[in-house]
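Here is a friendly walk through one protein model, from its helices to its open and closed spaces. Keep the viewer open as you read.

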Amino acid sequence: MRRLPAEWEEQDGVLVAWPDQESDWQPALEFVEPVFAEIIATISRFERVILIEPDTVSSSPMLKVKEAGAAMERITCCKIATNDTWARDFGPITVMDNDNPLLLDFGFNGWGLKFPADRDNRINQALCSAKIFSSPVKTVGFVLEGGSIESDGNGTLLTTSRCLLSPNRNPHLSKEEIESFLCQELGSRRVLWLENGYLAGDDTDSHIDTLARLAPEDTILHVTCTDPVDEHFDALEAMKCELEKFRTESGKPYRLIPLPLPSPCYGSESERIPATYANYLVLNKAVLVPTYSDLCDSSALAAIGLAFPSRTVIGIECRPLLLQHGSLHCLTMQLPKGSLS
């Protein structure tokens, strides 16, 4: 029997890939490298980090994370070629198969053929060959990104139709076939589909980890917009109405905790970019929350603290990450207990 653990279950470590000078990060490396270093150093206070170092980096990531105060004994560096840094979407999705970890290596096609992904698609097998994992890796012939699904660890999956039904991911399958496949591979009993909700500038086709997150005690944290003239207002209100109608497997409504939408952030070409507090990372004893030098930062930290009262909530300034239209959770992939050597 299979089960997809919730992110708040015990972990061995977190996978992170360092940005390099041949990626889209190149013009902003001086701004983003310190953010990566802080994220890695903070994770290392609580658990291990598997750090992917591309073969084209201009300076040593290990030196930079050491300068950031990382617990170096908890960091394992692997030199592997990459296209980019979004470990959430190319990293392994780990299920428990008869209580033993099994790392599923789904296909990654650059969010529906938008960006190159040939190197990223080989990373999990390279990590396996390097004996980083103590558990087997299974290749799955299905396109799926980790940021597109949320699990409560007890059989419920939360996702968005906009992403999973994208014609450039698995066009040969219907919605019913995709749901059946996910239940088979991930051990889920049911899938909750959101039809509404988006963030301007999001390249992922509305990944769930930018909009709504499952949390302990039948809780869902969700992005809200209180400004009627903001372009997101109607879609996020419609998403909230959907969430209010969702029921737990026992038939009860979910406890909903709203997350504020940061003030509009804009990229180098004056395009709006997808700032969201929903892109937090849950660790064994902490939650790392992206902040954006915004007036809403403190209220977002407090809201997430309500959902995770036994964990330390730590804000990390992530505004530079928005330059490539992603944030903290997108850069990381948790590796559940028992999956690492």
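## An enclosed helix

Let us begin with helix α1, which is largely enclosed by the rest of the structure, because twelve of its 16 residues are buried. Please bear in mind throughout that this is a predicted model. The buried residues of α1 are L29, V32, E33, V35, F36, A37, I39, I40, A41, T42, I43 and S44. The list includes E33 as well as T42 and S44.

What about the length of the helix? Helix α1 covers residues 29-44 and reaches 22 Å from its first C-alpha to its last, close to the 22 Å expected at 1.5 Å a residue.

## A second helix and the residue after it

Helix α7 takes in residues 175-186, twelve residues that should span 16 Å at 1.5 Å each, and its end C-alpha atoms are indeed 16 Å apart. Buried in α7 are I178, L182, C183, E185 and L186. Just after α7 comes G187, with a positive phi near 75 degrees.

## Aromatic contacts

How many aromatic pairs does a search of the whole structure find? The search finds ten. For F108 and W111, the ring centres are 5.0 Å apart and the planes meet at 85 degrees, so this pair is edge-to-face. The cut-off behind that label is an angle over 60 degrees. Both F108 and W111 are buried.

Elsewhere, W18, W25, F36 and W86 form one aromatic cluster. F36 is also one of the buried residues of α1, which ties that helix to the cluster. A contact of another kind involves R213, which lies over the face of Y280 at 4.2 Å from the ring centre.

## Closed spaces

The structure holds six cavities of 30 Å³ or more. The largest cavity has a volume of about 220 Å³. Of the 18 residues lining this cavity, L4, P5, R88, I149 and Q334 are the closest to its centre. Three elements give two or more residues to the lining: β5 (93-97), β8 (150-151) and β19 (332-336).

Which element gives the most to this lining? That is β19, with three residues. Sorted by class, the lining of the largest cavity has nine nonpolar, six polar and three charged residues.

## Open pockets

The largest pocket contains about 290 Å³ of space. Its lining has 17 residues, and D24, D84, W86, W111 and F115 lie nearest its centre. Two of these names have come up already: W86 belongs to the aromatic cluster, and W111 is the edge-to-face partner of F108. By class, the lining of the largest pocket has six nonpolar, six polar and five charged residues.

The second largest pocket holds about 200 Å³ of space. Its lining is made up of D24, W25, P27, A28, G267, S268, E269, E271, L323, Q324 and H325. Those residues divide into four nonpolar, four polar and three charged. D24 lines this second pocket and is also among the residues nearest the centre of the largest pocket. W25, another lining residue here, is part of the aromatic cluster with W18, F36 and W86.

## Loops with a positive phi

Which backbone angles deserve a look? E217 has a positive phi of about 60 degrees although it is not a glycine. E217 sits in the loop between β11 (212-215) and β12 (219-223). With a relative accessibility of 69%, E217 counts as exposed, because the cut-off for exposed is over 50%.

S293 is a similar case to check: its phi is positive, about 55 degrees, and it is not a glycine. You will find S293 in the loop between β17 (286-291) and α9 (297-307). S293 is exposed too, at 60% relative accessible area.

## A loop residue and a distance

Is E249 buried, partly exposed or exposed? E249 counts as partly exposed, since its relative accessibility is 43%. This residue is in the loop between α8 (233-245) and β13 (255-259). E249 and D297 are 48 residues apart in sequence, and their C-alpha atoms are 33 Å apart in space.

Note on methods
Residues numbered from 1 in each chain as written. Predicted model: local features only at pLDDT ≥ 70, side-chain atom pairs only at ≥ 80, totals over all residues. Heavy atoms only, no water. Phe/Tyr/Trp six-rings, centres within 6.5 Å; stacked < 30°, edge-to-face > 60°. Buried < 20%, exposed > 50% of the residue type's maximum accessible area, 1.4 Å probe, protein only. Lys NZ or Arg CZ within 6 Å of the ring centre and 35° of its normal. Helix = DSSP H or I, 4+ residues; strand = E, 2+ residues; numbered from the N terminus. Expected span 1.5 Å × (residues − 1). 1 Å grid on protein atoms, 1.4 Å probe; cavity = no way out; pocket = protein on both sides within 12 Å on 5 of 7 lines; lining within 4 Å. Points joined across faces, edges and corners; volume = space filled by probe spheres on them. Nonpolar A, V, L, I, M, F, W, Y, C, P; charged D, E, K, R; others polar.
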